[in-house]
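Let us walk through this structure step by step. We start with a term, then turn to an enclosed space, one residue beside it, and the packing elsewhere.

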Amino acid sequence: MGGLSEGLIQVLIPAAALLGIGFAFLQWVLVSRVKVSGYADDESQENNLIESGHEEGFEDFEVVAKCAEIQKAISVGATSFLFTQYKYLVVFMGAFGAVIFLFLGSVKSFSTKSEPCTYNKGQMCKPALANAIFSTIAFFLGALTSVLSGFLGMKIATYANARTSLEARKGIGKAFTIAFRSGAVMGFLLAANGLLVLYASINLFKLYYGDDWEGLYESITGYGLGGSSMALFGRVGGGIYTKAADVGADLVGKIEKNIPEDDPRNPAVIADNVGDNVGDIAGMGSDLFGSYAESTCAALFVASISSFGFTHNYAAMSYPLLISSMGIVICLITTLFATDLVEVKKVSEIEPSLKRQLLISTVLMTAGAALVSFVALPSKFTLYDFGNDKVVKNWHLFFCVVTGLWAGLVIGYTTEYYTSNAYSPVQDVADSCRTGAATNVIFGLALGYKSVIVPIFSIALSIYVSFRLAAMYGIAMAALGMLSTIATGLAIDAYGPISDNAGGIAEMAGMSHEVRERTDALDAAGNTTAAIGKGFAIGSAALVSLALFGAFVSRAGIETVNVMNPKVFIGLIVGAMLPYWFSAMTMKSVGSAALKMVEEVRRQFNSIPGLMEGRTKPDYANCVKISTDASLREMIPPGALVLVTPLIAGTFFGVETLAGLLAGSLVSGVQVAISASNTGGAWDNAKKYIEAGASEHAKALGPKGSEAHKAAVIGDTVGDPLKDTSGPSLNILIKLMAVEALVFAPFFAAHGGLIFKHI
């Protein structure tokens, strides 16, 4: 037996989750100390502002009042969009929940009799109908947690953006701390909520399932499906929203009218800032929550059909949850390094400070994983390995977690190298702007394709090591290892859009030039951290998807997946095509929505008198409406493609073709996602590099409005849908299809393959 008693684990896991929630609350209290209101009668407010000094009293109140007004507009826009989106999603949840129930209930034609277990021979398990009911409940729980993660993240970001702008007047360090703390609120809430809800669900389901762990953990896989299906719509809908506004604002504002990026005269500017919150924050939150839920579900499912499940070893069974609990504690310590122990004083310290977060959390988590592995696991046990039992030692699993963890760090650092303007790849892209937009596009695409090499090798290595050591369970644990520091990963990721918004608010509120320079520096670092966050999401999606694939193959009773079998091969080649089909849909959606936005922005500039001179206000609401309508309408076809494909493949062509389909989509999706995300990030930062003019080289290419700068803006605009819509949504495509196949596996194994049965 492992060294931990069941009672102690029942205390440790929720304690870690509650610690995470408490820490998030503390960070939120610290952020809320910065006041945003436009009233002069509040004395403390007056002192606050006078201390902050640069601009004189009266002007200052005007600036603060303006900040408060803009913040309110962004917050209202983001909230109303998400509520409208959730109305659609509630209908979808109801319909898809019914599909899960009907498909799984029909496996044994809705019988309520107990049946022999699939794996633990000689034992009786609960009926298939129970699996149908509990999988549906788990699906709803996962979906709700996912939606909540996204929504809370958005609320925090819209709360923090104006506060970051106001703090930027006092100096770069203060602004950085506020933006980072707000990111941490989101990171810890998400990690802790995900763990707490999953832990509570397992304990509630146990009341019915009792000793039938096989059935219990099979139905828990619905939790991952719920999380990811909401993330898909959040990511695609939010991505289309944010990029339609961004592309529209850039094309007319910067290129045609030659006004700055977040100029209040630009009608699309509020929609653009709302988009950062619904796409990058709410979408990213749901997405990483989905990854986390699925890797945990895959690990629990494989463990339940292994010796842990048969011998009812609670400590070993809870190993994935204990790793996540340890992760929350480690991230808490790591966060203190950025906010309290080491203060950022200069612009050049921002990016190193964020990079340090990754390194510190990885090093500490290595020690944490060792502790959990040696305390919770027996020294020797067996794991399910496609019909055989593989003998595994506890240090093997420690290595699985650690290879995933360090692969995540390698992916993060590689992404940073290819997307940060401190290194030669992005500087080369910026340099190519001298000869126009075409060379910029060529260089950017080449950079994206090249940036795939190192991440793929590191994913390949961690797959090989973890599979050799602990079969499919090892891969699930490598995925969880990569995601164990999710709270820190999300904090540095959410920091990006918050800084981006802060820059926009500073520009719109008419703050001084030096404040805008500070927020720009925060934003440029934020672009890189957002790219790192996407790299993590894609890398973990590859591992999660493979772990789910293994669980699906086990559950569907396939002995081997043979590529030479034509049933498998056709699945493989069609699966590899799906990421392209999906990207085509999302890119075209952004393009057509951006077209409408460009027309509307032009119309306002041409028809509203005094707009260009700044005497009248543009009609922001109309642009927000265009983005909202477009994204809600356009998110349905890509979502349907991802959700319906596995159902069709499994039902009509059978489990072998579906296995091929999953493998194909995984292999091609990862490449397309990494290259799209990095190409877009590099173009964006090449533009920022020219705008900042920090080096002689950059000055020679600039200033804003020069030919090279215009070419860079075109590259950035092309890259927008790549890095914020297609790229990040693809990782959900590969995970979601795999988890859906796993949830529906009992049905496909019993009734699937209608066409191939008769041929």
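Asp, Glu, Lys and Arg count here as charged; Ala, Val, Leu, Ile, Met, Phe, Trp, Tyr, Cys and Pro count as nonpolar; the others, Gly among them, count as polar. Keep that in mind for what follows. The model is predicted.

A search of the whole structure finds 11 cavities of 30 Å³ or more. The largest holds about 290 Å³ of space. What lines this largest cavity? Its lining has 27 residues. Of these, 18 are charged, six are polar and three are nonpolar. Nearest its centre lie Asp-500, Asn-527, Asp-684, Lys-723 and Asp-724. Several helices supply at least two lining residues each, including α6 (213-256), α7 (269-304) and α23 (707-751). Helix α17 gives the most, with six residues.

Stay with helix α17, which spans residues 513-555 and contains Lys-534. Is Lys-534 buried or exposed? Its relative accessibility is 7%, so Lys-534 counts as buried, the cut-off being under 20%. A polar atom of its side chain lies 3.4 Å from the backbone oxygen of Lys-723. Beyond its sequence neighbours within four places, Lys-534 also contacts other residues, among them Arg-235, Asp-493 and Asp-724.

Now look at the nonpolar packing. The largest nonpolar core has 229 residues. Helix α5 (residues 172-209) gives the most to this core, with 20 residues. Apart from this core lies another, of 18 residues, including Tyr-418 and Ile-690. Back in the largest core, Ile-350, Tyr-473 and Phe-552 have the most contacts inside it. Leaving out residues up to four places away in sequence, Ile-350 touches Ile-172, Phe-176, Val-344, Tyr-495, Ala-521, Leu-522 and Ala-525.

Terms used:
Residues numbered from 1 in each chain as written. Predicted model: local features only at pLDDT ≥ 70, side-chain atom pairs only at ≥ 80, totals over all residues. Heavy atoms only, no water. Core = buried A, V, L, I, M, F, W, Y, C linked by side-chain atoms within 4.5 Å. Buried < 20%, exposed > 50% of the residue type's maximum accessible area, 1.4 Å probe, protein only. Helix = DSSP H or I, 4+ residues; strand = E, 2+ residues; numbered from the N terminus. Contact = heavy atoms within 4.5 Å. Polar contact = N/O pair within 3.5 Å; in protein donor to acceptor, adjacent residues only side chain to side chain. 1 Å grid on protein atoms, 1.4 Å probe; cavity = no way out; pocket = protein on both sides within 12 Å on 5 of 7 lines; lining within 4 Å. Points joined across faces, edges and corners; volume = space filled by probe spheres on them.
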